Amino acid sequence: MNCEQLRENLYDYLDGSLLPSEQAAAERHLAGCLVCREAVRRESQLAQSLSRRFEQAVETVALDPVTRRGMAAAVERKVAGSRERPPVLFWRRLALPFAAAAVMLMAAIWMRHHFVAGPNSHLETARLPAPSDNHEVRIHVSYSVPGYIFRKEGNLVIDALTCNTLVADGALLVNN
Amino acid sequence: MGMDEAKLVAALKGRDSAAIEALIETHGNRLLRSATLLCGDETNAQDLVQDAFVEAFRSVHRFRGQASLYTWLHSILLNLTRHHRRDSQRLVYDNELAAREVSVLEERPSALDFESAAAELARALRQLSDSHREVLVLRYYEHMKIHELARHLGVSKGTVKSRLHYAIREMQKILPSEMNLFGAGGTKEMA
């Protein structure tokens with residue numbers, strides 16, 4: 001093993017993860033190389049130093065018994081809550097926007113009958129332009145569609161919920 | 001997987017509520033400390049740990065025992081921490097700006113006491129990139145070996161070594177000279 005190979009395998013050497021033959025080769029190289037021995041010493045010192053500082057930084061961080069019990073209860077409650085909730089099927093996600101669009105359409109039709117073509121309506125004369133053959137009722141519907149995307153990075157799945165707003169504009173020509 | 005751990009996993013799979021308490025008692029503190037180092041805030045860390053336990057209890061049927069229970073819990077926690085960071089990226093950025101402005105005004109003590117050393121370390125960790133912070137915490141707090149780190153992060157061993165190298169270099173730049181990571185033996189980077 002030469003210096004370059006030892007530097008490449010330095011962490012594995014310190015971890016004891018090398019094969020026995022590689023470990024022996026590393027030991028032989030270290031016995032005769034002051035520079036690499038120094039590299040091993042520095043990495044060992046760094047590991048000790050950082051480990052100690054990390055431990056010190058969070059040594060007072062702890063869950064007290066009350067918090068632990070509260071956390072256990074919260075975990076159980078959340079898991080039970082999610083079990084009781086029925087799975088949302090894809091078509092059910094679309095039900096709400098379709099229902100909203102239907103209500104808007106019915107409202108538009110009702111407004112057309114009531115304000116545009118409705119008999120004896122005093123609003124008719126107040127709001128409508130001068131009599132003409134055609135009137136236009138504009139309909140604007142917007143709704144949000146939830147989406148779910150995910151990707152895999154190693155053994156982790158990173159997912160995200162998205163929300164896309166769809167807008168539909170239309171016009172009804174009303175013939176008097 | 002040890003016998004006690006096997007029993008605990010079996011109890012969790014059997015939806016035994018006492019097992020949740022046992023799981024939190026066994027691994028709660030260590031996870032909380034790791035989460036605090038990863039996200040830089042104990043309150044958020046506590047929420048993340050709770051969510052990790054919820055996720056673990058929900059998906060314990062998928063646990064096959066290939067890694068230790070703690071490592072499996074930690075992989076859930078790491079995933080949640082990444083989500084959390086992504087969601088609060090703007091807030092963290094603002095806080096860092098505020099912290100930098102304050103540090104310009106404050107005179108740094110010549111010798112760091114324990115509390116300010118911990119604060120300096122937390123500040124340095126916050127300034128690192130996510131991948132550098134993760135690799136340092138996993139290596140030097142969780143004491144993971146290189147191949148374990150590679151599996152945990154889903155990257156190659158070479159990538160882990162490279163990240164470690166640059167993370168340490170960044171950390172040395174950020175930390176004050178009183179907190180020399182190499183002790184009295186010198187701070188010069190070897191070629």
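**Exercise 1. Which pattern does chain A follow when read along the sequence?**

Solution. The model is a predicted one. Begin by taking stock of the elements, since the secondary structure of chain A comes to 7 helices and 2 strands. Then place them in sequence order, which gives the pattern α-α-α-α-α-α-α-β-β for chain A. As a further step, turn to the packing of this chain: of its 176 residues, 8% count as buried, and among the contacts in chain A with a separation of 6 or more, 55% are accounted for by residues 24 or more positions apart.

**Exercise 2. Determine how many residues of each chain are in contact across the two chains, and which element of chain A gives the most to that side.**

Solution. Count the residues on both sides: 34 residues of chain A are in contact with 41 residues of chain B. Next, assign the chain A side to elements, where those giving two or more residues are helix 2 (10-15), helix 4 (34-58), helix 5 (65-84) and strand 2 (156-175) of chain A. Of these, helix 4 of chain A gives the most, with 13 residues. Finally, sort the side of chain A that touches chain B by class, which yields 18 nonpolar, 8 polar and 8 charged residues.

**Exercise 3. Describe the largest nonpolar core and the surroundings of B:F53.**

Solution. The largest nonpolar core has 53 residues, and those with the most contacts inside it are B:A35, B:V49, B:A52, B:F53 and B:L77. The element giving the most to this core is helix 2 (residues 17-39) of chain B, with 10 residues. Taking B:F53 as the next step, and leaving aside residues up to four places away in sequence, one finds that B:F53 touches A:M71 and A:V75 of chain A as well as B:I20, B:L23 and B:I24 of chain B. Another core, of 5 residues, lies apart from the largest one and includes A:M1, A:L6, A:Y13 and A:C36.

**Exercise 4. Locate B:R15 and B:H143, and decide for each whether the residue counts as exposed or partly exposed.**

Solution. Start from the backbone: most residues other than glycine have a negative phi. B:R15, although not a glycine, has a positive phi of about 60°, and its place is in the loop between helix 1 (3-13) and helix 2 of chain B. Because B:R15 has 14 C-beta neighbours inside 10 Å, it counts as partly exposed. B:H143, likewise not a glycine, has a positive phi of about 55° and lies in the loop between helix 7 (130-140) and helix 8 (146-153) of chain B. With 11 C-beta neighbours inside 10 Å, B:H143 therefore counts as exposed, the cut-off for that class being 12 or fewer.

Technical notes: Residues are numbered from 1 along each chain as its sequence is written. Chains are lettered from A and ligands numbered from 1 in the order in which they are written. This is a predicted model: local features need pLDDT of at least 70, side-chain atom pairs count only at pLDDT 80 or more; totals for chains, interfaces and linings use all residues. Two residues are in contact if their C-beta atoms, placed from the backbone, lie within 7 Å. Helices (H or I, at least four residues) and strands (E, at least two) are DSSP runs, numbered from the N terminus. Ala, Val, Leu, Ile, Met, Phe, Trp, Tyr, Cys and Pro count as nonpolar, Asp, Glu, Lys and Arg as charged, and the others, Gly among them, as polar. A nonpolar core is a set of buried Ala, Val, Leu, Ile, Met, Phe, Trp, Tyr and Cys residues joined through C-beta atoms within 7 Å. A residue is buried if 20 or more other C-beta atoms lie within 10 Å of its own, exposed if 12 or fewer, and partly exposed in between; C-beta atoms are placed from the backbone.
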